[in-house]
Amino acid sequence: MNKPDRTSRHEHITHVGGPKPDGTGRWKDSTANVVSHIENKHHRFYTKEGNASAWVGVRTSPAGNKFLQTYADGIWKDNLLALSECG
């Protein structure tokens, strides 16, 4: 995950990434593209830390902006911001 100012609570995530499913390196894409992939049901995304995993979904802010958020055990959480930066 990348955002312009890592310490700001008001900046949005611009890019996300992770290991490629085939193990040949890492992938990175813009948040807008990932939102599109999820909404069009082309791909599903999840986070995993230790033994805990959570699906990534698309939410819409009160201002109408779409953003990514994790969903686990029936609860939406803001834990994407705690993940390490994408290379």
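This is a short tour of a predicted model, with a suggestion at each stop for what to select next.

**Stop 1: a hairpin**

Start by selecting residues 15–19, which make up strand β1. Now add strand β2, residues 26–30. The two strands run antiparallel, and 5 bridges join them. For one facing pair, pick Pro19 in your viewer and look across to Arg26 in β2, which stands opposite. Between β1 and β2 there are 6 residues, and together the strands form a hairpin. Click on Gly23 in the turn: its phi is positive, at about 75°.

**Stop 2: a tilted pair of rings**

Stay in strand β2 and show the side chain of Trp27. Then show Phe45, in strand β3 (residues 45–49). How do the two rings of Trp27 and Phe45 meet? Their centres are 5.5 Å apart and their planes stand at 50°; an angle that is neither under 30 nor over 60 degrees counts as tilted, so this pair is tilted. Trp27 and Phe45 belong to two strands, so their pairing ties together parts that are 18 residues apart in sequence.

Switch on the surface here if you like. Is Phe45 buried or exposed? Phe45 has a relative accessible area of 15%, and because buried means under 20%, it counts as buried. Trp27, at 27% relative accessibility, is partly exposed.

**Stop 3: an edge-to-face pair and a charge**

The count of aromatic pairs comes to 2, and Tyr46 and Trp55 form another of them. Select both: the ring centres of Tyr46 and Trp55 are 5.9 Å apart, with 70° between the planes, an edge-to-face arrangement. Tyr46 is exposed, with a relative accessible area of 54%, while Trp55 is partly exposed at 38%.

Keep Trp55 on screen and add Arg44. The charged end of Arg44 sits over the ring of Trp55, 3.7 Å from the ring's centre.

**Stop 4: a salt bridge**

Side chains of opposite charge can pair when their charged atoms come close. How many salt bridges does the count come to? The count is 1. To find it, select Lys66 and Glu39, whose closest N and O atoms are 2.6 Å apart.

Colour the chain by secondary structure and you can see what this bridge links. Lys66 lies in strand β5 (residues 66–72) and Glu39 in helix α1 (residues 31–39), distant parts of the chain that are 27 residues apart. Finish with the surface once more: Lys66 is partly exposed at 44% relative accessibility, and Glu39 is partly exposed as well, with a relative accessible area of 39%.

Note on methods
Residues numbered from 1 in each chain as written. Predicted model: local features only at pLDDT ≥ 70, side-chain atom pairs only at ≥ 80, totals over all residues. Heavy atoms only, no water. Phe/Tyr/Trp six-rings, centres within 6.5 Å; stacked < 30°, edge-to-face > 60°. Helix = DSSP H or I, 4+ residues; strand = E, 2+ residues; numbered from the N terminus. Buried < 20%, exposed > 50% of the residue type's maximum accessible area, 1.4 Å probe, protein only. Lys NZ or Arg CZ within 6 Å of the ring centre and 35° of its normal. Salt bridge = Lys/Arg side-chain N within 4 Å of Asp/Glu carboxyl O. Pairing = 2+ DSSP bridges.
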